[in-house]
Amino acid sequence: MTRTFTAELMKLRRPRVLYGALGALIGCTILVTVLTFATAPTPPERLTAGFTNASRLVGVVVLVVFLTGVTTEYGLGTLRTLLLRQPLRDRLLAGKALALVVCTAGALLVALAVSVASAAVVTAARGTPTGPWLADAATGYANALLAALSYGAIGLALGVLLRSTAVAVGVALFWFIMVENIADHTWPAAGHVLPGLLAGAVTGIPGSVPYSHGLAGVLVYIALAVTAGFIAFSRRDVSN
Amino acid sequence: MRDMTTAISTRGLTKRYGARTVVDHLDLDVPAGVVAGFVGPNGAGKTTTLRMLLGLVRPDAGTGSVNGVPLTQPAGYLPRVGALIESPAFYPGLSGARNLAVQATLGGLDPAGIPAVLERVGLAARGASSYQSYSLGMRQRLGIAAALLGDPALVVLDEPTNGLDPAGIREMRGIVRSINQDGRTVLVSSHLLAEVEQVCDWLIVIGEGRRLFQGPTRDLLAGGGDLEEHYLSMFTSTEGTS
């Protein structure tokens, strides 16, 4: 798996891929952070509040990154080239997933730093005091990473199952932007079962679901998505 | 002196997609050390057969081996197999050399061998250029360079002359010959019968997923006529009996 991981990192070092994903992630975080601190009647006490609020958008970006990490291989036909070099498919997918997890962890760390810095600038400009944030940031980062990885696992599974970037992104956006938002406002139990809302509970977005329930739900979704992705990837013919 | 052990062997190899049988109880034998031509019309099952040999597609029935290792264990034989399947597939944002480095890393191969394979296919001067700037012929050559990474005993080339101009086809012929001169077995799928006749010393002809001929090319041509005439007569007789 080390070879697959290293080879995947070599591909991810493409500037367009790296800066595009990182830029989207940081851009989303800054936007939500500035809106959180500049527009709230009472500015949040926690400097990480913007980072927390951005977690859903960040999650969708991570989902798309994981998803395209797989569908691009199908689209370019490079999957067959990779499988000729690494025929053990579970190792190939595991190495790819691990590389994406490491990149996501790094990108989220940068996003957290940028978010806290921009929150500090906005609160200073408004002349409002801020509380201690360092300890809060560590917990917030861990939870945001877990939530992002649940989006990533679902993205990976969608990519393997649907194999088309356009179709998979369409399905993901329809679900997380449309279905879950509507369900959140119309179905009281939605927060207990839908993956995006459970991920929100983990990151601390106010809702009806306690943290422990959100954590358990997110872990179940990660397990289900990873299992489905690995089974489909291992068994399917590569015919394109 | 060639080693006449078998590089590829299949018995009853079958693949179905729904109700359609694409490869139908195919028995193949490719002796080690030959250049084997794999010919048949579009949709005859050539690429599906090659994909099964390379572990990309699972057979529905039948058995087989590559370099003595069963088809069910592609991880056991693929490290000694190089392949270009259908069309070259690389990352457009990476250079040719970088693409080969990704493959070498993935396969646990020494990247120090990359300049030599680029030199061999005539891409040494363009190895640092982005893959998306490559012409079709250069892409095919990079695909062959990738197939040669790691000193494979068997090289599988699926339509390596696709889209090439006459000069490119001639150049490809030379590359295929040079690969075989190192003692490697080469299996080439092609539509260009004249090319196959010139380069291949072993021939497999399939139609509708079934084997129509297998053996030394000279055996087929012994009675006179060229490969095209024999090839067309096989399909005329098949149509007549179906």
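Tutor: The expected span of a helix is 1.5 Å times one less than its number of residues. Helices (H or I, at least four residues) and strands (E, at least two) are DSSP runs, numbered from the N terminus.

Student: How far apart are the end C-alpha atoms of helix H6 of chain A?

Tutor: They are 54 Å apart, and the 38 residues of H6(A) (residues 89–126) should span 56 Å at 1.5 Å a residue, which agrees. Within that helix, residues 97–124 of chain A are 100% helix and 0% strand, with end C-alpha atoms 40 Å apart. Residues 57–76 of chain A are also 100% helix and 0% strand, and their end C-alpha atoms lie 28 Å apart.

Student: Before we go on, what kind of model is this?

Tutor: A predicted one: local features need pLDDT of at least 70 and side-chain atom pairs count only at pLDDT 80 or more, while totals for chains, interfaces and linings use all residues. Residues are numbered from 1 along each chain as its sequence is written, and chains are lettered from A and ligands numbered from 1 in the order in which they are written. The predictor gives the complex an ipTM of 0.90 and a pTM of 0.89.

Student: How many residues does each chain bring to the contact?

Tutor: Two residues are in contact if their C-beta atoms, placed from the backbone, lie within 7 Å. Here chain A brings 23 residues and chain B brings 24. On the chain A side, helix H1 (2–12) and helix H5 (78–85) each supply at least two residues. H5(A) gives the most to that side, with seven residues.

Student: On to chain B. In which sense do strands S9 and S10 pair?

Tutor: Strands pair if DSSP finds at least two bridges between them. S9(B) (residues 202–207) and S10(B) (residues 210–216) have six bridges and run antiparallel. B:Ile204 stands opposite B:Gln214 in S10(B). The hairpin has two residues between the strands, and B:Glu208 there takes a positive phi near 50°.

Student: And which way do S6(B) and S7(B) run?

Tutor: Parallel, joined by four bridges, with S7(B) covering residues 154–158. B:Ala83 stands opposite B:Val156 in S7(B).

Student: Which residues cover the two faces of S6(B) as buried ones?

Tutor: Buried needs 20 or more other C-beta atoms within 10 Å of the residue's own, exposed 12 or fewer, and partly exposed is in between, with C-beta atoms placed from the backbone. In S6(B) (residues 81–84), B:Val81 and B:Ala83 are buried on one side, and B:Gly82 and B:Leu84 are buried on the other. For a helix, look at H10(A) (residues 195–203), where nine of its nine residues are buried. Among them are A:Leu197, A:Leu198 and A:Val202.

Student: What about phi values? Where does B:His25 lie?

Tutor: Most residues other than glycine have a negative phi. B:His25 goes the other way, with phi near 50°, and lies in strand S2 (residues 20–31) of chain B. B:His25 counts as partly exposed because it has 15 C-beta neighbours inside 10 Å. B:Glu86 also has a positive phi, of about 65°. Its place is the loop between S6 and helix H3 (96–107) of chain B. With 16 C-beta neighbours inside 10 Å, B:Glu86 is partly exposed.

Student: Which residue with a positive phi follows H6(A)?

Tutor: A:Gly127, with phi near 70°. Just after H10(A), A:Gly204 takes a positive phi of about 100°.
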